[in-house]
Amino acid sequence: MISKKTRELFASLMEANSNNSMAVVDFDPETEFYTGLFNETLLNKFVNEGVFELVKSGEGATSITLHNREDFLSGFASGVNEARLGRDQYYADYNANPFAFSIGFEHFLYMNKNPKRLAGYVCYGFEDNEN
């Protein structure tokens with residue numbers, strides 16, 4: 001099971017795109033930098049694990065890159081899709097990125113608890129949008 005803070009961190013990255021004015025994180029498609037205000041403790045944990053690379057940090061916003069971004073996006077979208085289809089999270093074992101799959105799966109279940117949240121919701125894997 002993925003912790004709430006971890007799910008929220010990665011979901012904020014998946015919500016970041018040019019079509020989403022409600023996103024708390026910005027994504028620059030040219031540099032593939034995610035910029036926003038992040039939980040430093042959690043961010044540092046994933047930087048140390050090699051999931052992110054810290055690009056720029058100062059007072060206020062921090063910029064990061066997501067290593068193996070394409071694999072992560074694919075795994076996240078697969079998790080969302082399997083949850084949408086009512087399948088089991090055990091399919092994560094067959095995914096190239098089981099961690100991303102699990103985050104996508106659990107994020108879909110969380111968002112689906114209140115379907116009103118899904119009206120107009122922009123997130124990678126939830127619609128046919130691309131980050």
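The legends below describe close-up views of aromatic rings and their neighbours in a predicted model.

**View 1. Phe 72 and Phe 76 form a stacked pair in helix α3.** The structure holds eleven aromatic pairs, a pair being two rings of Phe, Tyr or Trp (its six-membered ring) with centres within 6.5 Å, where planes under 30 degrees apart count as stacked, over 60 as edge-to-face and the rest as tilted. The ring centres of Phe 72 and Phe 76 are 6.4 Å apart and their planes lie at 20°, so this pair is stacked. Because these two residues are four apart in helix α3 (residues 69–84), about one helical turn separates Phe 72 from Phe 76; helices here are DSSP runs (H or I, at least four residues), numbered from the N terminus. Both Phe 72 and Phe 76 are buried, that is, under 20% relative accessible area with a 1.4 Å probe and protein chains only.

**View 2. Phe 101 and Phe 105 form a stacked pair in helix α4.** The pair has 6.2 Å from centre to centre and 20° between the planes, and its members are four residues apart in helix α4 (residues 98–112). Phe 101 is buried at a relative accessible area of 2%, and Phe 105 is buried at 6%.

**View 3. One aromatic cluster is formed by Phe 10, Phe 46, Phe 52, Phe 72, Phe 76 and Phe 99.** Among its members are Phe 72 and Phe 76 of the first view.

**View 4. The charged end of Arg 7 sits over the ring of Tyr 110.** The distance to the ring centre is 3.9 Å, the criterion being NZ of Lys or CZ of Arg within 6 Å of the ring centre and within 35 degrees of the ring normal.

**Notes.** Residues are numbered from 1 along each chain as its sequence is written. Local features need pLDDT of at least 70 and side-chain atom pairs count only at pLDDT 80 or more, while totals for chains, interfaces and linings use all residues, and side-chain values use heavy atoms, with hydrogens and water left out.

Notes
Buried < 20%, exposed > 50% of the residue type's maximum accessible area, 1.4 Å probe, protein only.
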